[in-house]
Amino acid sequence: MHAIAVERGANRPVVVETERPVPGVGEALVRTLRVGVDGTDHEVIAGGHGDFPAGEDHLVLGHEAVGVVEDAGDTRFSRGDVVVPTVRRPPNGSNPYFARGEPDMAPEGAYHERGISGAHGFMSTYFTSPEAYLVEVPASIVDVGFLVEPLSVAEKAVELAYASRSSFTWEPESALVLGNGSLGLLTLAMLRDQFDFDRLYCLGRRDRPDPTIDIIEGLGATYVDSRETPLAEVPAAHEPMDLVFEATGYAKHAFETIEALAPNGVGALLGVPGSWEFEIDGGKLHRELVMHNKALVGSVNSNVRHFESAVETLATLPAWFRDAVVTGVYDLTEFEAAFGDDDTTIKTAVQFSAYEERR
Ligand code: NAP
Ligand code: BGC
Ligand code: ZN
């Protein structure tokens, strides 16, 4: 079968031929429909994040998949069910994080991430998975099922942020998403649909006309250009923010978020930057966190519960948004286009096979 992989020493994806996997006990064989591409894939391809499976010369890419059960084996699924796989797998049998259903909270060394770190991903004609790591998706959203994984990451981070404010009466009115990439825009849409913010903002660094600015404004949010209004100046230019959701991977934003927050506010950090040394006024930021009861929370990955919430969220997002955010779906003959990264590209996917409804 075909797979899209990055080989050791290379920095671009290629098509390779691999063996069709055979499902074991408790596993399903899934025919891959579509697999999305995000900023993490670009970082993995560039060699800045993730790792190859031990002893292998390539890593099959892809962690945002949707597929259809081909062989349900002894699982609870039926042939034809549409499913989305979670990303993390235990490296050596199970461990307490996986046993609790919280692999997203496992420390490094206690997980592999399919398509990212230590385990092959889903960009292949078929993949297998234990049933515990498959979440069913209604056929009505099969075309955009590859958005479930990134949305689940947003669901988890916002849950953690709210949990950090749960010991008092917190009535957030304003939220700012940092980053107008696919994660930022999906989060903005989720915040608009599932929460009750009076005012939403999204920070980017693009000139108009730009498709992401059109989406931001289509969602009723205000576009903030970080070149004109650096993050720390957002309170003066707009207002202090109750919630900040960082999805730029721009390391200074982790610290500037503290200044952008309103008293009692919380910032969720999701970016995965490389090493970058710069100066900060640590005393000022420390005092600001303490004296105004602010919180910063880092968040990575997501578990089955977040995937289930993401399925519900995805089904409610307006069709115009889903159409605008997915800028390209490419089959294997033109897969390289899915890894393009210009200003017209927001979310792309590779299509391995088409969905045909069961009769
Ligand atoms: P992406 O497509 O690269 O999006 C990042 C966006 O941030 C881009 O649109 C970029 O603008 C914008 N940006 C970067 N620096 C900026 C600045 N200084 N001012 C304003 N805008 C800025 O990546 P993504 O897939 O959406 O993911 C976002 C980040 O989250 C990445 O770092 C990724 O690794 C991380 N991530 C983390 C998790 C997790 O579990 N924690 C999950 C998924 C992704 P331009 O396009 O104009 O350059
Ligand atoms: C993936 C997460 C993963 C994270 C760190 C993200 O792009 O969506 O599942 O945990 O990268 O590798
Ligand atoms: Zn991702």
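This note goes through two places in a predicted model, the surroundings of ligand 2 and the setting of threonine 212.

1. The surroundings of ligand 2. As you look at the structure, begin with the residues around ligand 2, which are Asp38, Thr40, His49, His63, Val87, Glu113, Ile116, Glu149, Val153, Val300 and Asn301. Sorted by character, this shell consists of four nonpolar, four polar and three charged residues.

2. Polar groups facing the ligand. In the model, an oxygen atom of ligand 2 lies 2.5 Å from a side-chain N or O atom of threonine 40, and a distance of 2.5 Å is also found between an oxygen atom of ligand 2 and a side-chain N or O atom of glutamate 113. For asparagine 301, the distance from a side-chain N or O atom to an oxygen atom of ligand 2 is 2.9 Å. Of the 310 Å² of accessible area that ligand 2 has on its own, the protein covers 91%.

3. The position of threonine 212. Threonine 212 belongs to helix H5, which runs over residues 211–218. Is this residue buried or exposed? Threonine 212 has a relative accessibility of 1%, and because buried means under 20%, it counts as buried.

4. The contacts of threonine 212. If residues up to four places away in sequence are left aside, threonine 212 touches Asn180, Leu185, Arg206 and Ile346. With one of these, asparagine 180, threonine 212 also forms a polar contact between side chains, at a distance of 3.0 Å.

Terms used. Residues are numbered from 1 along each chain as its sequence is written. Chains are lettered from A and ligands numbered from 1 in the order in which they are written. This is a predicted model: local features need pLDDT of at least 70, side-chain atom pairs count only at pLDDT 80 or more; totals for chains, interfaces and linings use all residues. Side-chain values use heavy atoms; hydrogens and water are left out. A residue is near a molecule or strand if one of its heavy atoms lies within 4 Å of it. A polar contact is a pair of N or O atoms within 3.5 Å; within protein, one must be able to donate a hydrogen and the other to accept it, and residues adjacent in sequence count only if both atoms are side-chain atoms. Accessible areas come from the Shrake-Rupley method with a 1.4 Å probe; for residues, only the protein chains shown count as cover. Ala, Val, Leu, Ile, Met, Phe, Trp, Tyr, Cys and Pro count as nonpolar, Asp, Glu, Lys and Arg as charged, and the others, Gly among them, as polar. Helices (H or I, at least four residues) and strands (E, at least two) are DSSP runs, numbered from the N terminus. Buried means under 20% relative accessible area, exposed over 50%, partly exposed in between (1.4 Å probe, protein chains only). Contact means heavy atoms within 4.5 Å.
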